[in-house]
Amino acid sequence: MTGTPTRVLVLNSGSSSVKYQLLDMKDGGRLAVGLVERIGEQNSRLVHTPLPGGGAARRERNGPVADHAAALKAVAEELAADGLGLDSPELAAIGHRVVHGGLRFSAPTVIDEEVLAEIERLVPVAPLHNPANIVGIRTAMTLRPDLPQVAVFDTAFHTTMPEAAARYAIDVETADAYRIRRYGFHGTSHAYVSRETARLLGKAPEEVNVIVLHLGNGASASAVAGGRCVDTSMGLTPLEGLVMGTRSGDIDPAVTFHLQRVAGMTSDEIDGLLNKRSGLVGLCGDNDMREIRRRIDEGDERAALAFDVYIHRLKKYIGAYYAVLGRVDAVAFTAGVGENAAPVREAAIAGLEELGLAVDADLNAVRSDEARIISPEYARVAVAVVPTDEELEIARQSFALVQGAPELTSGEVNA
């Protein structure tokens, strides 16, 4: 091979899984995608799909994968079988999704021991995610110690929030001592979707104000002014904000004290309640929006209530972020529910005509993998469906960093 290496391997290491994609940044095309799940169990599984059309079929391995090190070695073997091995000179970097970067990291960052130590210091505010991210990074560094390893942080896009949006109204010394503030999450998705929404409107990101609604099992909203986040719904942790699949979103903090005093629940039990047994599943027993809509069609009152609570919270955030931005050019729906659940989009926008928002029923009903406008021509504010691509965003930011290109890595790494 001659010329500059252009491939980026993107790794998303969870507590018991590793998702991966290999992309070629010449055109953003995917060369392979895969998933290792149930790491540490006897029934572990690796699913690997080489792309595009090289004749190789989807492959699956079943059997115990002891740990993340074993998982990444298996991934390397699958890639090598397709001529895409980690030893390839065409590999420019490995990009890692890291959930929490605190205030220090506001841009993608080449990982060294100092960076790893800071990610580890943030474990108390991201106990479910940062430890797994660290394991994935260390394993990848062992496999390719000569290659740039880049951390792309979920929180980075939100570091542009003004203090008025990021601060909680509690004692400043206490907040600073324990790093208590709004950090926000899903940042790679919000960055990608806000920029793609501007492109869809035929404008530069700096010219556009967008409300982004990332609606999956986890859900978050952001207010993006001229390409910069000025507010977001998730806070110190991913629990705050919208109603989610299993998370409560916004709740009176005194509920926790009440449950301790009256129900005798421990902090761990309350944590489990609010993160795993609340949201849609807490309201109706299901966190799949398709199943909830099916139950509503059959007259299920609990499912209808869950849907109404979900939509009510969503409308509140649309209205709040409209006020924060002052002028809104577009509202963009993304992620699993946002991209696929037409009834959610319709209900969330219904009644907001005085704000210049409307949905065209026929356009909204169309299913497509393409970014598209679903508002009527007369609407003052565009309503869009913009499929997110967090892996492509991580690859772009990682590649831009190692190539020294500033356009996708704006921001600073604060000391």
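Eight strands come together here as an open sheet: 8 strands in the order 5-4-3-2-1-6-8-7, with mixed pairing. At its edges sit strand 5 and strand 7 (109–110), each of which pairs on one side only. Keep in mind as you follow along that this is a predicted model. Strands of a sheet pair through backbone hydrogen bonds, either parallel or antiparallel. Strand 1 and strand 2 take the antiparallel option, over 7 bridges. If you would like a landmark within that pair, find Leu9, which stands opposite Leu22 in strand 2.

Now look at the helices that go with this sheet. Helix 3 lies across strand 1, strand 6 (91–98) and strand 8 (149–153), and runs at about 165 degrees to strand 6. Helix 3 (130–143) is also part of what covers the buried residues of helix 1, along with strand 1 (7–13), strand 2 (17–24), strand 3 (29–37), strand 4 (45–50) and strand 5 (59–62).

Which residues of helix 1 are buried? They are His68, Ala71, Leu72, Ala74, Val75, Ala76, Glu78 and Leu79. The spacing in that list is worth reading with a general rule in mind. An α-helix has 3.6 residues a turn, so residues three or four places apart point the same way.

The length of helix 1 can be checked too. At 1.5 Å a residue, its 14 residues (68–81) should span 20 Å, and the end C-alpha atoms are indeed 20 Å apart, which agrees. At the N-terminal end, Asp67 acts as a cap, with a side-chain oxygen 3.2 Å from the backbone nitrogen of Ala69. After helix 1 comes Gly83, whose phi is positive, near 75 degrees.

Further along the chain there is another open sheet, made of 6 strands in the order 11-10-9-12-14-13, again with mixed pairing. Its edge strands are strand 11 (228–232) and strand 13 (372–373), each pairing on one side only.

Strand 9 is a good place to stop and look around. A hairpin of 3 residues joins strand 9 to strand 10, and these two strands run antiparallel, joined by 7 bridges. With strand 12 (residues 330–334), strand 9 (residues 209–215) runs parallel, through 5 bridges. Val212 shows both partnerships: it stands opposite Ser222 in strand 10 and opposite Ala332 in strand 12. Val210, for its part, has Ala330 as its bridge partner in strand 12.

How many residues of strand 9 are buried? The count is 7 of the 7, so strand 9 is largely enclosed by the rest of the structure. In a regular strand the side chains alternate between the two faces of the sheet. Here Asn209, Ile211, Leu213 and Leu215 point one way, while Val210, Val212 and His214 point the other way. Two helices lie across strand 9: helix 6 (residues 187–200) runs at about 130 degrees to strand 9, and helix 11 (residues 301–325) at about 160 degrees. Helix 11 also lies across strand 10 and strand 11.

Finally, visit Arg182, in the loop between helix 5 (172–177) and helix 6. Is Arg182 buried or exposed? At 13% relative accessibility, Arg182 counts as buried, because the cut-off is under 20%. A polar atom of the Arg182 side chain lies 2.9 Å from the backbone oxygen of Ala165, and the side chain also reaches the backbone oxygen of Met234 at 3.5 Å. Beyond its neighbours within four places in sequence, Arg182 is in contact with residues including Met161, Tyr168, Asp231 and Glu240.

Terms used:
Residues are numbered from 1 along each chain as its sequence is written. This is a predicted model: local features need pLDDT of at least 70, side-chain atom pairs count only at pLDDT 80 or more; totals for chains, interfaces and linings use all residues. Side-chain values use heavy atoms; hydrogens and water are left out. Helices (H or I, at least four residues) and strands (E, at least two) are DSSP runs, numbered from the N terminus. The expected span of a helix is 1.5 Å times one less than its number of residues. Buried means under 20% relative accessible area, exposed over 50%, partly exposed in between (1.4 Å probe, protein chains only). Contact means heavy atoms within 4.5 Å. A polar contact is a pair of N or O atoms within 3.5 Å; within protein, one must be able to donate a hydrogen and the other to accept it, and residues adjacent in sequence count only if both atoms are side-chain atoms. Two strands pair if DSSP finds at least two bridges between them. Axes are lines fitted to C-alpha atoms, for helices over the stretch in contact, and angles run from 0 to 180 degrees between N-to-C directions.
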